[in-house]
Amino acid sequence: MSGRTPSLTPPDDATAPVRHPDAPPAGELLGAHYAHCFGCGDAQPHGLQLQARAAEGVAITAEFTVKPEHQGAPGLAHGGVLATALDETLGSLNWLLRAIAVTGRLETDFVRPVPVDTVLYLEAEVTAVAGRKIYSTAVGRIGGPEGEIAVRADALFIEVKVDHFIDNGRPEEINAAMSDPDQRRRARAFEVNP
Ligand SMILES: CCCCCCCC(=O)SCCNC(=O)CCNC(=O)[C@H](O)C(C)(C)COP(=O)(O)OP(=O)(O)OC[C@H]1O[C@@H](n2cnc3c(N)ncnc32)[C@H](O)[C@@H]1OP(=O)(O)O
């Protein structure tokens, strides 16, 4: 972790993450946590529609195909979109902990350009937990799951209560998500342990 900001280095009293007993088994696709999520939702035609899969331990793999709508420079993925892919993959880890958490800090290295139509293969894992703070790291590769690293990130997620969304979100969307008759979808919209 050398070169990272101090706030992304777990404190001495941090502990190893514990996979929740109800976490999906390794290999299972998680599906979108919320249909309108720009990172994973299928109701977002220009979104990333990232597909995340549970891995062993507190880890996730994910794939995201760069579309023409995701360009920054001609023919290349926008850096902010790549950061979104990392953020979404890292955020998916919280479902394995069954913790409701939001990104507090996301530090990204852009190692090589990512052309349109490229599949970005992502891997993320939680490295440590300290109170409400969840430390995690991710890489994105191109050319295959073992390909060259194009992006990487370290992140700090902070555990919050569901009130974080209720108090800060727009009532329209909050009420719609809360009244979803599907209990699993209702829970996952906010990543709340059902
Ligand atoms: C449902 C799942 C969706 C997943 C989608 C993908 C993930 C996302 O993109 S989430 C959206 C982006 N993130 C946000 O909108 C978060 C906005 N920020 C906030 O709401 C608040 O700043 C929040 C909740 C992170 C922290 O506020 P608060 O709850 O008051 O915590 P606070 O008491 O200040 O800090 C708690 C600890 O975290 C640390 N911390 C908080 N923010 C940061 C930060 N940015 N950098 C470093 N450390 C931080 C504090 O230093 C403190 O540490 P310690 O316990 O050692 O003193």
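Which of the 17 residues around the ligand come nearest? In this predicted model, where local features need pLDDT of at least 70, side-chain atom pairs count only at pLDDT 80 or more, and totals for chains, interfaces and linings use all residues, the answer is Ser7, Gly91, Val102, Gly104 and Arg105. A residue is taken as near a molecule or strand if its C-beta atom, placed from the backbone, lies within 6 Å of it. Residue numbers start from 1 along each chain as its sequence is written.

Helix H1 (79-97), strand E3 (101-110) and strand E6 (148-159) are the elements that give two or more residues to the shell around the ligand. Helices (H or I, at least four residues) and strands (E, at least two) are DSSP runs, numbered from the N terminus. E3 supplies four residues, the largest share of this shell. By residue class, the shell around the ligand divides into five nonpolar, six polar and six charged residues. Here Ala, Val, Leu, Ile, Met, Phe, Trp, Tyr, Cys and Pro count as nonpolar, Asp, Glu, Lys and Arg as charged, and the others, Gly among them, as polar.

The sheet comes next. Six strands form an open sheet in the order E1-E2-E4-E5-E6-E3, with antiparallel pairing; two strands pair if DSSP finds at least two bridges between them. Strand E1 (51-54) and E3 stand at the edges with a single partner strand each, so one side of each is left without a neighbour in the sheet. From one strand to the next, the twist averages 20°, where axes are lines fitted to C-alpha atoms, for helices over the stretch in contact, and angles run from 0 to 180 degrees between N-to-C directions.

Following the sheet from the E1 edge, E1 and E2 pair in the antiparallel sense over four bridges. Gln51 stands opposite Glu63 in E2, and Arg53 stands opposite Thr61 in E2. The two strands form a hairpin with four residues between them, and Gly57 in the turn has a positive phi of about 70°. E2 is joined to E4 by seven bridges, again antiparallel, with Ala124 of E4 as the bridge partner of Ile60. Strand E4 (residues 119-130) and strand E5 (residues 133-142) are joined by ten bridges and run antiparallel; in E5, Ser136 is the bridge partner of Val126.

In a regular strand the side chains alternate between the two faces of the sheet. Along E1, Ala52 and Ala54 point to one face and are buried, while Gln51 and Arg53 point to the other and are not. A residue is buried if 20 or more other C-beta atoms lie within 10 Å of its own, exposed if 12 or fewer, and partly exposed in between, with C-beta atoms placed from the backbone. In E2, the covered face holds Ile60, Ala62 and Phe64, and the uncovered one holds Ala59, Thr61, Glu63 and Thr65.

The largest nonpolar core has 41 residues, of which Ala85, Leu86, Leu93, Leu120, Leu122 and Ile134 touch the most other members. Such a core is a set of buried Ala, Val, Leu, Ile, Met, Phe, Trp, Tyr and Cys residues joined through C-beta atoms within 7 Å. The elements giving two or more residues to this core are E1, strand E2 (59-65), H1, E4, E5 and E6, and H1 contributes the largest share, nine residues. Not counting residues up to four places away in sequence, Ala85 touches Leu48, Leu50, Phe64, Leu120, Leu122 and Gly140, where contact requires C-beta atoms, placed from the backbone, within 7 Å.

A few individual residues round off the picture. Gln49, in the segment before E1, has a positive phi of about 50° although it is not a glycine. Gln49 is partly exposed, with 19 other C-beta atoms within 10 Å. Arg98, in the loop between H1 and E3, likewise is not a glycine yet has a positive phi of about 55°. Arg98 is partly exposed, with 16 other C-beta atoms within 10 Å. Asp109 lies in strand E3 and is partly exposed, with 14 other C-beta atoms within 10 Å. Leaving aside its neighbours within four places in sequence, Asp109 is in contact with Val151 and Arg152. The C-alpha atoms of Asp109 and Gly79 are separated by 9.7 Å, although these residues are 30 apart along the chain.

Terms used: Contact = placed C-beta atoms within 7 Å.
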